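Colleague: I should be grateful for a close look at a single part of this model, namely the open sheet and whatever lies across it. Please then continue to other parts of the chain, so that a first-year student can follow the description from one to the next.

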Amino acid sequence: MSRPSRSTFQFDHGRSDADITDPDAYVHGVPYATFERLRRDDPVSWWDEHDGGKGFWAITRYDDLLAVSRQVELFSSAQGITLEEMDPADFHARRNMLEYDPPEHTRYRRLVSKPFARREVYAYEQAIRLLARSVVEEALAGPSTFDFVEQVAKQLPMRMLGRLLGVPDDDGPWLVERGDALLGNFDPEMTDTPLGLTDTDEFKHIPFRSPAALDLYRYAEEQAAQRRVRPTDDVITRLLAPTIDGEQLSELEFKNFFVLLVSAGNDTTRYTMAAGMKALIEHPEQMAELRDSIGKDPSVMDRAVEEILRWATVTMHFRRTATRDVEMHGKQIRAGDKVVIWFVSADYDGEQFPDPTTFDIHRTPNEHVAFGRMSPHLCLGAQLARMELKVLFEELLPRLSDAQLAGPIDRLRSNFIAGMKRVPVTVSLA
Ligand code: HEM
């Protein structure tokens, strides 16, 4: 960045009286002011649901979120981790690893975790870097104003994950589109069957209550069949192989895990990339400093990635279910009540993060909960996502001398995923 202008950024706190259950409350941005008020005045608040749900407790403070995450026998994941109420038979068929408690979860996690460890993921760094470079080059070769989400952020995570899994590069766009239909399941732009707006009863036994999951099941079956005939050294082959103790994922577990990867590994990272780009444009001095640190001091990028993750906190909540009566902040939580931990609120809790609405690439410590924390469900893809973010900005920033926002941001209609669907940018090349 040649001569960075000073940041004139103003944090948008949003409404202080939003209905946090309503997907429409997020289309103009996260209603941070509502979460600020809840953390201050009513940290364990009761919310009625309007779609037949039985209501839930919202946990909004950082410390309380850790306490709920840690106490897995008291706050169970085994009855679902989204707000949706499911009957047990449907739930059983579509269950993924996020929806088990120890010890079942421990077994599942043992079977899948190795390929996602830091060292294993870094074996793919070069392949992922080349991919990032080619996507960045293609975006920068076109008009100087373009949609950063469409041209860059959307292209990368699924194809990067594809490199690990060993699926053909050409399948990337199809996997992205099906993954979008799954997780954008409330947004009419992302799916033909948005929840709450259309009748989705016939899909209630499949993941995300979305027909896209059936396509992904079929794809996973095909991939598994190919590896059984011709094993390779990719992650799918490794996931299918039995451990030395002879333990193995069942067919349904593998398919559900594949669907989980396509959903968890796709838009979360995409939207974090988009939020990161927007934040850096809005803080030109920090963008310039980050660019200048590349190749000299890798710790600056490492810290910047953590701040981008906190700033974005794309997975806004997950749910637990109380297994017995318990009191929190004077509220009587009953056995069977839904207890929802709001990561997006905890990551802006001023008790944990001084000046939480200030974007600071040097923030230390930065023990954000974007990937969860103190929970056995801590994001399995955290090391991969961190590397993807780092590689993208290492490849992109040295190519730019300036970048500006070039139009309004469009956001996902969702109370679950904080996503930017369009971030128009104008860039000048270095
Ligand atoms: C910036 C991107 C990402 C964010 C913000 C994110 C966020 C999260 C969160 C909040 C959890 C649950 C933590 C808890 O309940 O305590 C989670 C779990 C998980 N994530 Fe991610 N994730 C990201 C990227 C990825 C990627 C790239 C993958 C896969 C390649 C992935 C796979 C998973 C899986 C499989 C779980 C379930 C782990 C378990 O139940 O043991 N995630 N993620």
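Modeller: The open sheet consists of 5 strands in the order β1-β2-β8-β5-β3, and their pairing is mixed. The model is a predicted one. At the edges of the sheet stand β1 (44–47) and β3 (75–76); each has a single partner strand, so one side of each is left without a neighbour in the sheet. Within the sheet, strand β5 (residues 317–322) pairs with strand β8 (residues 338–342) in the antiparallel sense, over 5 bridges. One position in this pairing is threonine 321, which stands opposite lysine 338 in β8. As a general point, side chains in a regular strand alternate between the two faces of the sheet. Helix α2 (residues 62–70) lies across β1, β2 (56–59), β3, β5 and β8, and runs at about 130° to β8.

Further strand pairing involves β12 (residues 424–429), which is joined by 3 bridges to strand β4 (residues 145–147), the two running antiparallel. Here threonine 145 has threonine 426 as its bridge partner in β12. Strand β9 (residues 400–405) also runs antiparallel to β12, with 5 bridges between them. In that pairing, aspartate 402 has serine 428 of β12 as its bridge partner.

Helix α7 (residues 148–153) contains valine 152. Valine 152 counts as buried because 25 other C-beta atoms lie within 10 Å, where 20 or more are required. Beyond its neighbours within four places in sequence, valine 152 is in contact with Val135, Val136 and Ala139. The C-alpha atom of valine 152 is separated by 10 Å from that of methionine 277, although the two residues are 125 residues apart along the chain.

Two other helices, α15 (residues 298–312) and α17, pack at an angle of about 115°, and their axes are 10 Å apart. The crossing of α15 past α17 is right-handed. From α15, Met301, Val305 and Ile308 meet Arg386, Leu389, Lys390, Phe393 and Glu394 of α17. The residues of this contact comprise 5 nonpolar, no polar and 3 charged.

There remains the ligand, which has 28 residues around it; Gly265, Gly372, Ser375, Cys379 and Gly381 come nearest. Two or more residues of this shell are given by each of α12 (251–264), α13 (267–282) and α17 (382–396). By character, the shell divides into 17 nonpolar residues, 10 polar and 1 charged. Helix α17 thus appears twice in this description: it packs with α15, and it contributes to the shell around the ligand.

Notes
Residues numbered from 1 in each chain as written. Predicted model: local features only at pLDDT ≥ 70, side-chain atom pairs only at ≥ 80, totals over all residues. Near = placed C-beta within 6 Å. Helix = DSSP H or I, 4+ residues; strand = E, 2+ residues; numbered from the N terminus. Nonpolar A, V, L, I, M, F, W, Y, C, P; charged D, E, K, R; others polar. Pairing = 2+ DSSP bridges. Buried ≥ 20, exposed ≤ 12 C-beta atoms within 10 Å, placed from the backbone. Contact = placed C-beta atoms within 7 Å. Axes fitted to C-alpha atoms, helices over the stretch in contact; angles between N-to-C directions. Left-handed = near helix turned anticlockwise from the far one by under 90°.
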